[in-house]
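User: Please explain how the descriptive terms applied to this structure are justified.

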Amino acid sequence: MEMTVKMSNCKISPQKARLLANAIRDKEVVKAYNMLKLMSNKSGSLFYKLMHSAISNIENNLNGDISKFYVKEVYVDKGRVLKRIMPRAKGRADRILKRYAHLNIKLSTLK
């Protein structure tokens, strides 16, 4: 049995989110959930909310036991990019890119 949860347009760069995604890949759901609870960075709190939603769906909709699930896939896709301009000296301007990401987690039952 598999379950996929997604969070679109998160205000975090995909590069920063992928660092945490690699840390929770192929872990048991309970272990990954406890790791995310202790993370103090922004991507940790976003993945924590996403994992909490997945666990709630497993318990309520599938009537499943979360101890039998593991994190099969975690991937972060690039979202939209807002382009802004920062004024600089001598009439010049620099471009600021505000990146967004799509977070995806796929949970599966243990073999």
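Analyst: A residue is termed partly exposed if its relative accessible area lies between the limits for buried, under 20%, and exposed, over 50%. The model under discussion is predicted.

User: Why is D94 called partly exposed?

Analyst: The relative accessibility of D94 is 39%. Partly exposed covers the range between under 20% and over 50%, so D94 counts as partly exposed.

User: What makes the contact of R88 and D94 a salt bridge?

Analyst: The criterion is a side-chain nitrogen of Lys or Arg within 4 Å of a carboxyl oxygen of Asp or Glu. The side chains of R88 and D94 meet at 3.2 Å, N to O, and the pair therefore qualifies as a salt bridge. R88 is itself partly exposed, with a relative accessible area of 48%.

User: How many salt bridges does a search of the whole structure find?

Analyst: The search finds two. One of them joins the side chains of K72 and E2 at 2.6 Å, N to O, and that value satisfies the limit of within 4 Å. Because K72 belongs to strand β2 and E2 to strand β1, the pair ties together parts that are 70 residues apart in sequence. K72, at 31% relative accessibility, counts as partly exposed, and E2 is partly exposed with a relative accessible area of 42%.

User: How do you know that β2 and β3 pair, and in what direction do they run?

Analyst: Pairing requires at least two bridges between two strands. 16 bridges join β2 to β3 (residues 93-109), so the requirement is met; the two strands run antiparallel. As an example, I85 has R95 in β3 as its bridge partner.

User: Why are β1 and β2 said to stand at the edges of the sheet?

Analyst: The sheet is open and consists of three strands in the order β1-β3-β2, with antiparallel pairing. β1 (2-10) and β2 (69-87) each have a single partner strand, so one side of each is left without a neighbour in the sheet. From one strand to the next, the twist averages 15°. Helix α3 (residues 42-60) packs on this sheet and touches β1, β2 and β3, its direction making about 145° with that of β1.

User: What makes the buried residues of α2 line one face of the helix?

Analyst: In helix α2 (residues 29-38), the buried residues are V29, A32, Y33 and L36. Viewed down the axis of α2, they fall within an arc of 100°, and therefore they line one face. These buried residues pack against α1 (14-24), α3, β2 and β3.

Methods. Residues numbered from 1 in each chain as written. Predicted model: local features only at pLDDT ≥ 70, side-chain atom pairs only at ≥ 80, totals over all residues. Heavy atoms only, no water. Helix = DSSP H or I, 4+ residues; strand = E, 2+ residues; numbered from the N terminus. Axes fitted to C-alpha atoms, helices over the stretch in contact; angles between N-to-C directions. Contact = heavy atoms within 4.5 Å. Buried < 20%, exposed > 50% of the residue type's maximum accessible area, 1.4 Å probe, protein only. Arc of directions from axis to C-beta.
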